[in-house]
Amino acid sequence: MPYGGRSLLLAAVAAFLLSGILLRCYWLQCVEGSNYAQISESNAIQQRVLRPARGVIVDRRGVPLAINRPSFDVTFLPKGVPREEYERIAGELAELMGTEAQPPTRAELFALMKEARRRPFNSMLLAADVSRRIVAAISERKSDLPGVLIENRARRYYPLGPATAHLLGYIGEASPEEIESSSGYIRGDLVGRAGVEAALEPRLAGVKGYENVEVDALGQTVRKLSEQPAVAGARVTLTVDADIQRWAREAFGRDSSGAVVALEPKTGRILALYSAPAYDPNVFADRKRSAERMSLFSDTMLPMLNRALQSTYSPGSTFKTVTMLAGLLTGKLTPSTVFHCAGVYAGMHCWKEGGHGSLDLVSAYQHSCNIYFYQAGERIWIEPLHMVAEALGLDQFPGFGLGPEEHGVVPTPEWEKAHVKGPDADIFGTGDVRNTAIGQGYVLVSPAQMARLVSSAVTAGVRMKPAFVESIEDADGSVSERFEPHVEADLKIPDEIMGTLRTAMKAVVEDGTGYRAKIEGLSIGGKTGTAQSPTGLDHAWFICAAPLEDPKIGLCIMLENAAQHGGTVAAPIAKYIVERYARREGWISDTAVAPPPRRTRPPKPEVPGAPVAAETAPAAETRGGNQ
Amino acid sequence: MRLRKPETGGRSQAASQFRLVLDPCIVGPALTIFFFSLCALFSVVYHPIAFEIEPNLATDFTTPFVKHLVWGTMGLAGMTWFAFIDLEKVRARTRWIYFGGLVLLVAVLLFGIKVRNIRAWLSIGILTFQPSEIIKVVLVLAAARFLSLPEREERPLTSLAAVAILIGIPSALVLKQPDLGTVIVYLSLLLTLPFASGLPAQYLILILVSCLLAGLRLMTGMAVESLGVIPDGVVKTLVTDPHPALMLLVVMVVAGAAIAAAMSMARMRHAFTVFLYAVVPPASIYGSFLLTDHLKPYQKLRLLTFLAPQLDPKGSGYNILQSQIAFGSGGLLGKGFRGATQSTLGFLPERQTDFIFSVIGEVFGFFGVAIVVGAFVLLILRILWISAQARDRFGSLVCVGAATILLTHVLVNMGMAIGMMPIMGIPLPLASYGGTAMVTVFTLLGFVLAVERETRLL
């Protein structure tokens with residue numbers, strides 16, 4: 001060959017390169033070999049996480065609110081199952097599970113089983129949370145279905161479902177960000193996402209345990225080397241009453257939105273917190289219901305919004321409680337102060353056409369006369385109103401500790417200067433005071449704040465710190481936290497003023513706008529409110545407390561955009577809840593239980609602000625709908 | 001130059017027996033490598049734990065081990081058959097073989113089966129094969145035939161360009177699959193065959209320098225961009241920004257053309273060579289920027305994890321580290337069939353195909369590795385020796401092509417297993433599980449044996 005020398009040159013290059021490879025092999029195996037041998041040994045020790053059981057949540061009487069329900073998963077352990085059998089097993093399983101809600105197909109099962117072969121000693125999930133019928137059927141045919149196992153796994157379950165949705169929140173799998181942020185979460189951990197589940201996450205989650213096991217290369221345990229057991233989450237007893245939650249849901253019906261908040265006035269215990277529309281928190285505990293989850297977040301009714309804490313509204317006439325107390329406390333009003341209502345005042349109308357005539361304080365409160373309170377407001381002016389409102393829990397975060405809250409507004413000249421733009425900004429005028437005095441204008445409150453307001457008012461101005469934890473019992477049985485009442489503020493309302501307040505609140509229910517909340521044999525007092533809203537559909541309010549002389553429940557009912565009067569729609573709900581509670585507690589004799597109030601919701605007007613047909617009361621007019 | 005057909009008539013009995021003997025320096029190493037791969041595959045497939053998983057394993061005749069044995073035997077039979085083929089007939093039909101190969105590659109793109117995102121397999125009846133493997137033989141034959149034409153020697157540069165096109169067309173088709181690793185094997189022929197057929201050394205040096213520069217730019221550019229090992233500055237701009245490279249290319253084209261023109265007017269020799277030296281290296285650097293834009297994300301990731309496998313030991317760097325752990329933990333004498341848990345069981349992926357060398361390393365240790373590497377050295381040197389001895393240029397170049405294909409596979413595959421190369425799906429010849437590759441390599445060896453026989457008998 002003419003270029004035979006070049007072939008030999010190539011041979012030299014090849015020999016050179018291959019000897020480089022051999023040198024590297026020598027280095028890896030003979031010099032570094034013992035290091036790699038050590039690494040390959042440590043490949044065989046595996047740390048396994050032992051997940052603790054999440055803490056159980058019960059109500060004040062021990063009724064379970066969030067529990068860990070046993071559930072059954074169908075899994076497949078490939079070890080020892082001949083490959084030819086897979087198709088038959090997949091077919092039989094698909095047939096057996098055909099009755100499930102979302103039956104897996106034969107092809108899906110077969111694919112999962114083939115996938116499982118990659119780690120033949122670890123079981124692969126085929127179907128989660130199957131019915132007991134399937135469990136029985138599979139157990140029966142055990143010998144026909146080699147490798148198919150039923151595994152028991154705890155799932156979070158909320159027995160009351162939507163009734164406790166916003167109170168308890170829900171759980172979801174830890175997000176990649178949470179896992180990254182070194183907070184101790186690992187993939188597959190369940191984390192509280194809202195409400196009590198989120199607020200008490202560290203206590204409910206418990207402490208993970210670990211076991212170090214020696215495994216062979218396929219993950220099969222050879223022996224256990226060490227174990228640090230998991231510590232189960234704490235058992236949490238809430239101050240909440242499950243019955244009230246349930247009654248609130250019953251009374252609210254399906255198509256209205258709003259909120260119910262009940263407090264124990266003298267201690268600050270949260271008795272109930274319900275927001276409508278509610279969602280079923282159980283959909284978050286089930287991977288299969290992702291479509292339902294997605295629809296919750298896109299629903300225009302905003303079921304995920306906790307209206308008790310995260311929404312603010314004009315309080316309407318319920319705010320007259322503040323105005324009355326401010327007047328009495330400053331001496332600007334006495335029970336005998338009389339103003340005249342001619343139906344129109346300074347261009348603004350009272351809700352009652354033709355007016356109420358001359359009224360004293362109690363009757364003005366009882367019949368919710370706007371014009372009386374316009375004039376009262378003018379006399380009191382803004383600072384006392386704001387001071388009393390703040391002392392009773394408005395214009396501040398309610399501090400429930402159950403997630404995000406709204407601050408709300410009770411306006412002052414400084415506030416208006418800071419927040420209102422336009423020609424009106426610098427002048428806090430008579431009109432602003434008048435509107436504030438009847439709970440319109442700039443005033444914004446959340447249902448939780450109104451529940452605090454009525455509770456503080458009926459306890460002579462003692463504002464308690466709200467709390468939802470009655471006690472927390474650790475896994476070892478020791479109680480690590482117990483409820484203790486804390487006074488946040490005390491307005492020290494004198495007895496004679498309290499007498500007037502009680503008389504007025506009782507009169508509202510006895511023979512006033514809130515007569516639908518009257519309960520035979522129970523001393524209950526309240527105040528209605530019909531607040532104008534930007535949509536033109538009024539919000540209906542009712543706040544009340546019972547028994548008035550020794551208050552055990554302070555309640556706020558709010559129906560968002562109800563387009564009806566507080567006395568018409570909110571008071572019956574309060575009556576239903578308080579009456580049932582009173583019967584259960586033995587304040588009144590336990591006779592026949594009235595059914596939940598049935599309401600017919602008026603059709604929504606096409607154009608916002610158009611006249612609304614009310615059920616009984618006359619139609620609301622501009623600045624006049626404050627019943 | 002025409003070869004005489006091997007004739008049996010008119011020769012002595014001894015000579016005719018001698019003619020039937022195949023070169024032991026080719027067959028011996030080939031069988032050794034195959035034997036070691038069989039043992040490694042045996043330990044993977046028939047580890048005691050595997051019987052626990054699959055109780056019917058012993059009677060299962062579709063395991064990779066059994067198939068490997070069958071493919072190997074068929075390959076050996078094929079090799080023997082090709083060893084007795086008339087090379088002149090093959091040479092005469094090379095054109096048809098080449099076009100047939102192209103048809104197969106087009107068919108793959110149209111009707112191929114996708115496995116792990118690469119459309120490389122063609123299924124005809126019960127037979128599923130990889131045309132891109134067979135093309136390796138086809139390209140060796142085609143390039144060897146073209147370069148062995150007598151007039152080619154006179155015009156080395158146009159020959160180089162023509163061979164580049166000959167190899168470029170199937171490369172483009174295979175890149176469509178997309179299978180970069182196989183294309184690199186094809187392109188390696190471009191480094192050796194023209195050189196072996198008389199391309200002046202300065203051109204080979206030019207190619208090597210250009211490849212080196214482009215590769216260096218590619219690696220540092222990716223390292224800087226993704227790992228941020230160099231702070232902002234001139235160096236970073238040079239390796240990450242294509243504009244300086246483009247400017248350099250333009251300047252060099254103008255300057256090179258001017259110098260070359262001046263040289264040729266002064267009647268100096270090598271004017272064109274000077275021009276090429278001025279233009280090709282900057283062009284290849286700029287080309288590496290274009291390649292970066294066309295690399296798939298997973299390909300970039302592989303290059304990156306090659307540069308820094310410890311960055312993500314459980315992610316994309318997993319394969320490299322696990323392979324090194326498996327290989328290194330074999331030590332001097334290996335762990336034996338039962339002890340080699342790293343590679344034979346769960347940890348090492350692709351252990352039957354691309355990472356079979358790691359299995360050999362773990363099972364047999366450096367002792368077995370040295371034998372296997374030694375066998376490859378012997379095999380490749382012997383093929384090149386046969387090439388040097390061959391009296392026929394076609395046969396000689398076929399041997400160089402076969403050696404090139406083997407060497408590239410060995411370097412890339414072993415380099416990958418021991419962490420010297422980025423991960424590329426290139427099998428280890430005669431060892432990795434896979435029918436088409438096995439038959440391809442045995443066919444190449446068959447041609448080498450045919451060359452050897454004819455050289456010996458003439």
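**Entry 1: a pair in chain B**

I started with Arg456(B) and Glu452(B), which form a salt bridge whose closest N and O atoms are 2.8 Å apart. I note here that the model is predicted. Both residues lie in helix H20 (residues 435-457) of chain B, and because they are 4 residues apart, about one helical turn separates them. This agrees with the general rule: an α-helix has 3.6 residues a turn, so residues three or four places apart point the same way. I then looked up the cover on each partner. Arg456(B) counts as partly exposed because its relative accessibility is 25%, and the limit for buried is under 20%. Glu452(B), with a relative accessible area of 8%, is buried.

**Entry 2: salt bridges in chain A**

I next looked at a network built from salt bridges that share partners: Arg61(A), Asp241(A), Asp243(A), Arg246(A), Arg584(A) and Glu585(A) are joined in it. I counted over all chains as well, and the structure holds 34 salt bridges.

From the network I took the pair Arg61(A) and Asp243(A), whose side chains meet in a salt bridge at 3.0 Å, N to O. The two residues are 182 residues apart and link distant parts of the chain. Arg61(A) sits in the loop between strand S2 (57-58) and strand S3 (64-76) of chain A, while Asp243(A) belongs to helix H10 (residues 242-252) of chain A. I find Arg61(A) partly exposed, because its relative accessible area is 48%. Asp243(A) is buried, at a relative accessible area of 10%.

I also checked Glu85(A), which forms a salt bridge with Arg88(A); the closest N and O atoms are 2.9 Å apart. Glu85(A) has a relative accessible area of 26% and is therefore partly exposed. Arg88(A) counts as partly exposed too, at 31% relative accessibility.

**Entry 3: Arg155(A)**

I located Arg155(A) in strand S5 (residues 148-157) of chain A. Is Arg155(A) buried or exposed? I put it down as buried, because its relative accessibility is 11% and the limit for buried is under 20%.

I listed the contacts of Arg155(A), leaving aside neighbours within four places in sequence: Ile67(A), Asn68(A), Arg69(A), Ser71(A), Asp73(A), Ala128(A), Asp129(A) and Ala285(A). With Ser71(A) there is a polar contact between the two side chains, at 2.4 Å. For Ile67(A), I took the C-alpha separation from Arg155(A), which is 8.1 Å, although the two residues are 88 residues apart along the chain.

**Entry 4: helix H18 of chain A**

I turned to helix H18 (residues 430-437) of chain A, which is mostly covered, with 6 of its 8 residues buried. The buried residues are Asp432(A), Val433(A), Arg434(A), Asn435(A), Thr436(A) and Ala437(A).

What do the buried residues of H18(A) pack against? I found four helices and two strands of chain A: helix H13 (320-330), helix H15 (370-380), helix H16 (382-391), helix H17 (413-419), strand S14 (344-345) and strand S15 (348-349). After H18(A) comes Gly439(A), whose phi is positive, near 75 degrees.

**Entry 5: where chain A touches chain B**

I counted 42 residues of chain A in contact with 60 residues of chain B. The area buried between chain A and chain B is about 4,200 Å², and carbon and sulfur atoms give 69% of that area. How many salt bridges are there between chain A and chain B? The count is 0. For residue pairs in polar contact between chain A and chain B, both at pLDDT 80 or more, I get 8.

On the side of chain A that touches chain B, helix H1 (4-31) and helix H2 (33-42) of chain A each supply at least two residues. H1(A) gives the most to that side, with 19 residues.

**Entry 6: a nonpolar patch on chain B**

I last looked at a nonpolar surface patch of about 300 Å², made by Ile205(B), Val209(B), Leu213(B) and Tyr277(B). Helix H10 (residues 201-227) of chain B gives the largest share of the patch, 3 residues. Ile205(B) is found in this helix H10 of chain B. I record Ile205(B) as partly exposed, because its relative accessibility is 45%.

How values were computed:
Residues numbered from 1 in each chain as written. Chains lettered and ligands numbered in written order. Predicted model: local features only at pLDDT ≥ 70, side-chain atom pairs only at ≥ 80, totals over all residues. Heavy atoms only, no water. Buried < 20%, exposed > 50% of the residue type's maximum accessible area, 1.4 Å probe, protein only. Contact = heavy atoms within 4.5 Å. Patch = residues over 30% accessible without salt bridge, like charges linked within 9 Å, V, L, I, M, F, W, Y side chains within 5 Å. Areas by Shrake-Rupley, 256 points an atom, 1.4 Å probe, with all protein chains shown as cover. Salt bridge = Lys/Arg side-chain N within 4 Å of Asp/Glu carboxyl O. Buried area = accessible area lost by both parts, 1.4 Å probe. Polar contact = N/O pair within 3.5 Å; in protein donor to acceptor, adjacent residues only side chain to side chain.
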